[in-house]
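Let's take a walk around a protein model, one feature at a time. Have the picture open while you read.

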Amino acid sequence: MRFSVAMPEELLVRFDHLVARRGLAKNRSEVIRDLVRDALVEEDCATPGVGVMGVLTIVFNHHASDLQEKLHTIQHEYFDHITCSTHVHLDQHTCLEVIVLRGETGLVQEIANLILGTKGVKNGRLSLTTISQHI
Ligand code: NI
């Protein structure tokens with residue numbers, strides 16, 4: 001199905017710059033489709049009951065008292081929702097961990113918040129995407 005949309009010239013120029021920054025591999029229409037899919041994925045991930053994949057990245061100091069044990073305990077408690085995790089030693093003191101989660105969106109965000117809220121976790125971010133096939 002074809003769909004045309006009126007857009008102010010200035011917005012279109014800025015959008016074309018965005019397309020250019022994303023590289024030559026995608027044209028204007030493809031980038032617009034990506035943006036629409038982004039909005040649909042975001043909506044899906046905010047809808048209770050929807051299955052999602054979550055990628056949680058956290059940074060912490062490994063000297064912090066019993067922090068690693070606490071993080072480990074949470075991950076074992078929710079072992080059936082933790083797909084995998086990778087630990088990277090950033091420097092002598094700092095660790096980065098990437099934890100891949102799978103499950104109902106509310107639960108995935110709850111587990112992520114438990115981990116992010118653990119004392120000693122200095123920084124973190126959860127990125128969600130839907131498991132849904134219709135995107
Ligand atoms: Ni480490």
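## The second largest pocket

Keep in mind that this is a predicted model. Let's begin with the residues around the second largest pocket: sorted by class, six are polar, two are nonpolar and one is charged. If you want to find them, look for Q68, L71, H72, Q75, H76, F79, S85, H87 and E97. The space they surround comes to about 160 Å³.

Which element gives the most to this lining? That's α3, with five residues. Both α3 (67-77) and β2 (82-89) supply at least two lining residues each.

## The largest pocket

Now move over to the largest pocket, with about 380 Å³ of space. Its lining is made up of M1, R2, F3, V5, M7, L12, R28, S29, I32, R33 and V36. The class count here is seven nonpolar, three charged and one polar.

Helix α2, covering residues 28-45, is the top contributor to the lining of the largest pocket, giving five residues.

## Two helices that cross

Helix α2 also packs against another helix, so let's see how they sit together. In general, you describe a pair of packed helices with two values: the angle between their axes and how far apart those axes are. For helix α1 (residues 9-21) and α2, the angle is about 90° and the axes are 10 Å apart. Angles from 65 to 115 degrees count as roughly perpendicular, so that's the label for α1 and α2.

Who's touching whom? On the α1 side you have L12, F15, D16 and V19, and they meet R28, V31, I32 and L35 of α2. Of the residues in this contact, six are nonpolar, two are charged and none is polar. A few names should ring a bell: L12, R28 and I32 are also among the residues lining the largest pocket.

## Strands side by side

Last stop: the strands. Take strand β1 (residues 51-61) as your starting point; its pairing with strand β3 (residues 94-104) is antiparallel and has eleven bridges. To see one spot along it, find M53, which sits opposite R102 in β3.

How many bridges join β1 to strand β4 (residues 121-130)? There are nine, and these two strands run antiparallel as well. Here you can look for I58, whose bridge partner in β4 is G124.

One general tip while you're tracing strands: in a regular one, side chains alternate between the two faces of the sheet.

Definitions and conventions:
Residues numbered from 1 in each chain as written. Predicted model: local features only at pLDDT ≥ 70, side-chain atom pairs only at ≥ 80, totals over all residues. Heavy atoms only, no water. 1 Å grid on protein atoms, 1.4 Å probe; cavity = no way out; pocket = protein on both sides within 12 Å on 5 of 7 lines; lining within 4 Å. Points joined across faces, edges and corners; volume = space filled by probe spheres on them. Helix = DSSP H or I, 4+ residues; strand = E, 2+ residues; numbered from the N terminus. Nonpolar A, V, L, I, M, F, W, Y, C, P; charged D, E, K, R; others polar. Axes fitted to C-alpha atoms, helices over the stretch in contact; angles between N-to-C directions. Parallel < 35°, antiparallel > 145°, perpendicular 65-115°, else oblique. Contact = heavy atoms within 4.5 Å. Pairing = 2+ DSSP bridges.
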